[in-house]
Amino acid sequence: MAEQHSERYVKVRLNSLYIKEPIPFDLYVLINNKQIHYLRAGDTLSKDKLQRFEDKAPDSFFVRLEDRPAFKKYVHEKLNSQQLNPIEKAVMLRESSLTLVEELFENPTIDEALKESKEMVEQFVDLMVTEPDAMADLVGLSSHDFYTYTHSLDVGIYSLGLANVMGYNRELLVEMGQGALFHDIGKRQVSVDIICKMGPLNDLEWAQMQRHPEYGLAILLEHDVSEGIKACCFEHHESMAGNGYPQQLQAKEIHPMAKIVALSDTFDALTTQRSYNKPMKPSAALEFMRTKLAGRFDTDLLRAMYEVLFRMEDQLKKSV
Ligand SMILES: [Fe+2]
Ligand SMILES: [Fe+2]
């Protein structure tokens, strides 16, 4: 049989590598649609080498698909080592997760995505428990951009922070994180033109967009997922005031995890840069939700969100 040349690669972001040490797998860069070998396993990714790269250091590399387990093991070891400080761990976890979340929305089968996301959320939960400071850093690292995958990751991080303040145990935290990551999975079924439209949607587009909880539920129903995860997807646009969508549920009918996602989701939307609105500062966004959107969110959760964010601000002050 002829040799296969169609090797598959997975993206690895620069910030998910610890460049002070040799990298234990080969790295490639994408140039003119071709994967070019960039670093041999065991070599160090020195600042010099990065700088020499066409005057501009690449922000992403690729590893061969077969090296993916080695990359995952590498991240796992770094997160559990004493070498990295909390902020370095937070950056590494966030950056390595972003590539995964990007994939969840683009290609793989949902079963694979669910399995991968569980391992990923477990890493977040472990970090949150072992390094409370790193979790605060994670909250502070939100990229505030509007792509579905960064949005999903940020909603995941806020939701874990909230659930932690609310006293969820490890098992529930993992379920919470997965539910939050998949809350907008139904957007896979909404036309890309609508998702990426710069500016307000017209009525037809809006009607289509509002169906994403339903589309998401249909996707999840084909897989073995918990009620909590399904609820995060189907109920995250419900409102405590009973006027949300798609079911206009009453407050007590909304799943507690969906209430958490609803709050995280709106908070992320308000603090995110879009072409047609300026992002709000976290404190202004919370104030807006408390007053202008009064009645929509669980008030205990709103209070808890202050706790999640104030931790973050304390942390930022410490790092300045
Ligand atoms: Fe949504
Ligand atoms: Fe969302």
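## Helix α11 and its surroundings

Helix α11, which spans residues 227-234, is mostly covered, since six of its eight residues are buried; this description, like everything that follows, refers to a predicted model. The buried positions in α11 are Ile229, Lys230, Ala231, Cys232, Cys233 and Phe234, and what covers them includes α7 (170-181), α10 (212-221) and α12. Confidence in the chain is highest in α11, at a mean of 98.

## Helix α12

Helix α12 runs over residues 256-270 and has 15 residues. From its first C-alpha to its last it reaches 22 Å, which is close to the 21 Å expected at 1.5 Å a residue. Eleven of the 15 residues of α12 are buried, so this helix is largely enclosed by the rest of the structure. The buried set consists of Met257, Ala258, Lys259, Ile260, Val261, Ala262, Leu263, Ser264, Asp265, Phe267 and Asp268, a list in which the charged residues Lys259, Asp265 and Asp268 appear beside nonpolar residues such as Val261 and Leu263.

The loop between α11 and α12 holds Pro246, and the peptide bond from Tyr245 to Pro246 is cis, with omega near 5°. Gln248 is found in the loop between α11 and α12 as well, and its phi is near 50°, a positive value in a residue other than glycine. With 12 C-beta neighbours inside 10 Å, Gln248 counts as exposed.

## Met176 and helix α7

Met176 has its place in helix α7, one of the elements that cover the buried residues of α11. Because it has 27 C-beta neighbours inside 10 Å, Met176 counts as buried. Leaving out residues up to four places away in sequence, Met176 touches Ser159, Leu160, Ala163, Tyr168, Met257 and Ile260; of these partners, Met257 and Ile260 are among the buried residues of α12. The C-alpha atoms of Met176 and Ala258 are separated by 8.9 Å, although the two residues lie 82 apart along the chain.

## The nonpolar core

The largest nonpolar core has 75 residues, and those with the most contacts inside it are Leu162, Cys232 and Met305. Domain 1 (1-67) and domain 2 (84-319) both give residues to this core, so it lies between them. Cys232 is also one of the buried residues of α11.

Which residues does Met305 touch, not counting those up to four places away in sequence? They are Leu162, Leu263, Phe267 and Leu286, and of these Leu263 and Phe267 are buried residues of α12, while Leu162 is named with Met305 among the residues that have the most contacts inside the core.

## Arg94 in helix α3

Is Arg94, which is found in helix α3 (residues 86-106), buried or exposed? Arg94 is buried, with 23 other C-beta atoms within 10 Å. Leaving aside neighbours within four places in sequence, Arg94 is in contact with Leu138 and Leu141. Arg94 and Met120 are 26 residues apart in sequence and 9.9 Å apart in space, C-alpha to C-alpha.

## The hairpin of β2 and β3

Strands β2 (27-31) and β3 (34-39) run antiparallel and are joined by five bridges, and in β3 the bridge partner of Leu30 is Gln35. Of the six residues of β3, the number buried is zero, so this strand lies largely in the open.

The hairpin has two residues between its strands, and Asn32 takes a positive phi near 45° there. Asn33, in the loop between β2 and β3, likewise has a positive phi, of about 65°, although it is not a glycine. Asn33 is exposed, with 5 other C-beta atoms within 10 Å.

## The chain as a whole and its confidence

The chain has 14 helices and four strands, and buried residues make up 36% of its 320 residues. Among contacts between residues at least 6 apart in sequence, 67% join residues at least 24 apart.

The mean pLDDT of the chain is 87, and 89% of its residues reach 70 or more. Among the parts that call for caution, residues 1-5 have pLDDT under 50 throughout, and the model has zero contacts for them beyond four places in sequence. Where pLDDT is low, the predicted coordinates should not be read in detail.

Key: Residues are numbered from 1 along each chain as its sequence is written. Chains are lettered from A and ligands numbered from 1 in the order in which they are written. This is a predicted model: local features need pLDDT of at least 70, side-chain atom pairs count only at pLDDT 80 or more; totals for chains, interfaces and linings use all residues. The expected span of a helix is 1.5 Å times one less than its number of residues. A residue is buried if 20 or more other C-beta atoms lie within 10 Å of its own, exposed if 12 or fewer, and partly exposed in between; C-beta atoms are placed from the backbone. Two residues are in contact if their C-beta atoms, placed from the backbone, lie within 7 Å. A nonpolar core is a set of buried Ala, Val, Leu, Ile, Met, Phe, Trp, Tyr and Cys residues joined through C-beta atoms within 7 Å. Domain bounds come from an automatic or database domain assignment. pLDDT is the predictor's confidence in each residue, from 0 to 100. Two strands pair if DSSP finds at least two bridges between them.
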